[in-house]
Amino acid sequence: MIEVDKFERYTQRWNAPGAPGDQEPALRFTPWSGGSRPPTSSLASAMAGKLAARLGAFAEYQMVGMRAYFTEQRDVSDPAVLAAVAGEVGLDAEAFARELHNDAPALRQQVLDEYTTALDDGIHAVPTVVVNDIFPLPGAQDTEAYRRIIERHRNRP
């Protein structure tokens with residue numbers, strides 16, 4: 001069980017220089033406060049993301065889910081929150097909740113398989129962008145950093 005006060009202290013770093021709050025202009029990072037329960041794991045939200053992708057709404061779901069966690073301090077390990085996020089992006093929240101529950105074993109296995117593959121490939125940070133299937137760029141970067149790296153790799157012989 002995560003201690004709420006310890007988690008609140010951890011999230012104070014979200015807005016430190018060079019932290020995620022500096023790197024993602026489309027999202028406002030709000031350190032956790034007020035004693036609301038933090039997520040117990042990221043597995044459920046990753047499973048929900050896989051389901052949203054299957055339903056053609058991954059990008060929208062990811063942004064609203066990130067806002068729910070980083071800005072609104074909602075517990076994205078709670079299936080009710082995940083279903084509410086689905087509703088916020090125009091999916092049928094009740095159908096999403098049922099499908100998330102019914103497909104949980106397969107979705108869980110997909111997430112764990114991808115996680116294992118990433119570890120086997122030497123990826124240990126989230127996010128990590130892999131350029132040209134060979135160059136991992138770990139951690140949140142500003143858009144200009146991605147452009148420089150991609151351009152450098154495009155110009156290699």
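Which residues touch the most other members of the largest nonpolar core? In this predicted model, that core holds 26 residues, and the ones that touch the most other members are Tyr 61, Tyr 69, Phe 96 and Leu 100. If we then ask which elements give two or more residues to this core, they are helix 3, residues 43–54, helix 4, residues 58–70, helix 5, residues 79–88, helix 6, residues 93–102, and helix 7, residues 104–120. Helix 4 gives the most, with five residues. As general background, nonpolar side chains in soluble globular proteins tend to be buried together.

Let me stay for a moment with Tyr 61, which, once its neighbours within four places in sequence are left aside, is in contact with Ala 48, Gly 49 and Ala 52, with Leu 82, Val 85, Ala 86 and Val 89, and also with Phe 96, itself among the residues that touch the most other core members.

I turn now to the aromatic rings. The structure holds six aromatic pairs. One of them joins Phe 7 and Tyr 10, whose ring centres are 5.9 Å apart and whose planes stand at 40 degrees, so the pair is classed as tilted. Both residues belong to helix 1 and are three residues apart, about one turn of the helix. Their surroundings can be set side by side: Phe 7 counts as buried because its relative accessibility is 9%, whereas Tyr 10, with a relative accessible area of 41%, is partly exposed.

A second tilted pair is formed by Trp 32 and Tyr 69, with 5.6 Å from centre to centre and 50 degrees between the planes. Here Trp 32 sits in the loop between helix 2, residues 20–23, and helix 3, while Tyr 69 sits in helix 4, so the pair ties together parts that are 37 residues apart in sequence. Trp 32 and Tyr 69 are both buried. Looking at the wider arrangement, ring pairs link Phe 7, Tyr 10, Phe 29, Trp 32, Tyr 69 and Phe 70 into a cluster.

Finally, I would like to look at Thr 11, which is placed in helix 1, residues 4–11. Is Thr 11 buried or exposed? Its relative accessibility is 0%, and Thr 11 therefore counts as buried. A polar atom of the Thr 11 side chain lies 2.9 Å from the backbone oxygen of Glu 8. Not counting residues up to four places away in sequence, Thr 11 touches Pro 31 and Trp 32, and Trp 32 brings us back to the aromatic cluster just described.

How values were computed: Residues are numbered from 1 along each chain as its sequence is written. This is a predicted model: local features need pLDDT of at least 70, side-chain atom pairs count only at pLDDT 80 or more; totals for chains, interfaces and linings use all residues. Side-chain values use heavy atoms; hydrogens and water are left out. Helices (H or I, at least four residues) and strands (E, at least two) are DSSP runs, numbered from the N terminus. Buried means under 20% relative accessible area, exposed over 50%, partly exposed in between (1.4 Å probe, protein chains only). A polar contact is a pair of N or O atoms within 3.5 Å; within protein, one must be able to donate a hydrogen and the other to accept it, and residues adjacent in sequence count only if both atoms are side-chain atoms. Contact means heavy atoms within 4.5 Å. A nonpolar core is a set of buried Ala, Val, Leu, Ile, Met, Phe, Trp, Tyr and Cys residues joined through side-chain atoms within 4.5 Å. Rings of Phe, Tyr and Trp (its six-membered ring) pair if their centres lie within 6.5 Å; planes under 30 degrees apart count as stacked, over 60 as edge-to-face and the rest as tilted.
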